[in-house]
Amino acid sequence: MTKFHMNRRTLIKKAGLGAAALSTPYFFTKGAWADSFCNNPDTVGKIIFGFNVPQTGSYAEEGLEQLSGYKLAIKHLNGEGDGGLLNTFSPKTLKGNGVLGRKVEYVTGDTQTNTDAARDGARRMIERDGVIMVTGCVTTGEAVAQQSLCQEMGVIYMSGLTHGNETTGKDKRRYGFRHYFNAHQTGIAIAPILEREYGKERRAYHITADYNWGWSQEASMKAATEALGWETVAAIRTPLGLGDFSQYLTPVAHSGADILIINHYGHDMVNSLPQAVQFGLRERMANDKQFEIIVPMFSELMAVGAGDAVKGIIGTQNWNWQLDDAGSQAFTKSYGEEYGVPPSQSAHTGYVQALLYADAVERAGTFYPPEVIKALEGFEFDGMGNGPTLYRAEDHQCMKEVLVVRGNENPSSRFDVLNLIGKTPREEATYDPSIFEGELGPYEPNQC
Amino acid sequence: MTAMLAQLLNGLDKGGAYALIALGLTLVFGTLGVVNFAHGALFMLGCFCAVTFRYLITIETVTVDPTKLTPWGSPVEVRTPLVQNWFGDFGAVMVDYSVPISLILAVPTMLAIGIAMERGLIKHFYKRTHAEQILVTFGLAIVLQEVVKAFFGANPYPQPIPTDLRSAADIGILLGLEPRTLTYPWWRIIYLAFSLFVIGGVFAFLQFTTFGMVVRAGMADRETVGLMGIDIDRRFTIVFGLAAVVAGVAGVMYTPLLPPNYHLGMDFLVLSFVVVVVGGMGSLPGAVVAGFLLGILQSIASMTEIKSLIPGIDQVIIYLVAVIILLVLPRGLMGRRGVMES
């Protein structure tokens, strides 16, 4: 009979061998990731972000601002400049030394404010340029097209300025994430202010951009205003990028409506709002009430473009450079020093999305998309200018406060165009994700 | 009733633009027999005359106000247009009225462009087939728009309506209606009046001047006029220049209504050809009548009641009516026998 004998040295040797044996599968699995996802920076040799925004077309100004935000984010991620929101972002993970210790590069694309061009551009970035993440858009069409493609190719898509419910509603994707608020949240936020300002008995006429964001915005505004007791007189669809909306504005005055809701954005709104004012609508009395115009979603660029017509008009915003929290002030300072103008919400969204992706990679410790997705899902953060924010796991929609603004009657500068008149807390702006259909889809990536 | 009147007014101001473009196009076709697909590009070039003028007149001086700081801590920059520094309030008015004032730049520029276009390219294609003319003028249109794109980029350039003309005129009062029952923007009324003035001017020029008489004679029988010792080619060159000026000034005054971009000419090209064909190839009155008719139809088709009955009708009404008119009147509303029929 053999006597079992183990001394301290034997124990250490055997424990070492055992640990090595147990870790072998993990070692091989971890190594296997290196080749099992699209545009692994270890294989490509570089970390490349793809910024795909409209640089021409109806929403070019917003797109170019967004691009400026992205470029500033890259600077700050790589340790250049004053660090911007890296100083206020909490929990603090990013160190300003790139992502996972390596510098980040970028490529840019022009979506031309066109869904097909956006999808083609994103595909080119993934297949030719080797980007690890695609981000940017100014229409819901661009966002939905890109995130659908990115899901197919296993590349994470951080959407830019997309407000339609579809992006994180029926067209949501596991690989797509939205920081920007949506049309449903606009309805929630703006309704109490509209009731306070204009009462419960109103007749509304909608003029709507004829594409998925416009439909989404119109549906949400109808639901919100009809819940107040308002009646919808008519809802007219207009082609995107039309320019001259006179033929659609002419009937408004004779429709029996006393409110015009303009579901337009970008150049469309910059054209349609002044044209509505030129038609004398705001000087009219209808149904014994002062005729009013509402633009549910505003941006500073649109407000500047629309000039005096924007004065007194109510709408909602995702973010405003005049907010006084530390994050907003830090970003306004960094952006102003870099570009000589205050940042728009489009620039802010782009900047924040780039940082949020980088932060998720840093926390996950890998670029492997399923791990990065898990790091983003359910992530609670603060210090980005929107108060405490949750990247909701169920639909990849950020839950945060929503701003209600009004066109400034007495601007102190050409950038001082919108005044904050209400702030809907995150709890009130949060809704049940199941009200929208759609499935996120699988974590596991396809090969690109 | 007031709704219909308002829509009619809207149709008239849209029709004014269509009629002006179609008038120039018909003028060229009627005199030179050339189907000019670059005519839309001339409208676009007119728009960019206004853009260029505004760019020049708003060149600014930048001064720094050290007493005021931006949120990022740098002194606030105060920008003032140079003309305002030079001419004070008069300079400010010039900036405000840059669109109508830019007609002064647009007229000679468009005349020069028109004449250069005819002498440099179009005259070599007089005796070619219409298909070849279409190809070469379409190519020219693409070249022109790409040149504009290279200089100005792809984004639209909004042009302001002068401050005093941004409100709406109370037309209802003139018709004995209650105040503010029927209002219409001043600038659109001005555009309609301007269209009528230019159309009237062109007709008067052709009808009541010796030059016009020769041109009309040349349109009817080019060879006979030549045999009488009149250099009809030189006059037709000037007519081409005139057509370019008509398209150009139509573009200038339209800029506050539709921010121009490099592609604007192509957007109007198809529409203006439909107008010309509906009016009758080579018929100047036909072009004008068809322009206003299609403008009014398009506007009325956009009424809520009609759109709710037939969704999307506003997008196709012009083409639908064109098909019906051509089925009933193959030469268009006022077309002449023998034109484009060989």
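The following questions and answers introduce a predicted model.

Visitor: How are residues, chains and ligands labelled, and which confidence limits apply?
Guide: Residues are numbered from 1 along each chain as its sequence is written, and chains are lettered from A and ligands numbered from 1 in the order in which they are written. In this predicted model, totals for chains, interfaces and linings use all residues, whereas local features need pLDDT of at least 70 and side-chain atom pairs count only at pLDDT 80 or more.

Visitor: Which strands stand at the edges of the open sheet of chain A?
Guide: Strands here are DSSP runs (E, at least two residues) and helices are runs of H or I of at least four, numbered from the N terminus; two strands pair if DSSP finds at least two bridges between them. The open sheet of three strands in chain A runs β13-β14-β15 with antiparallel pairing. Each edge strand has a single partner, so one side of each is left without a neighbour in the sheet; these are β13 (379-381) and β15 (398-399) of chain A.

Visitor: Which residue of β15(A) stands opposite Leu390(A)?
Guide: Strand β14 (residues 389-391) of chain A pairs with β15(A) in the antiparallel sense over two bridges. Opposite Leu390(A), in β15(A), stands Met399(A).

Visitor: Is Leu100(A) buried or exposed?
Guide: Leu100(A) lies in the loop between α3 and β2 of chain A. A residue is buried if 20 or more other C-beta atoms, placed from the backbone, lie within 10 Å of its own, exposed if 12 or fewer, and partly exposed in between. Because Leu100(A) has 15 such atoms within 10 Å, Leu100(A) is partly exposed.
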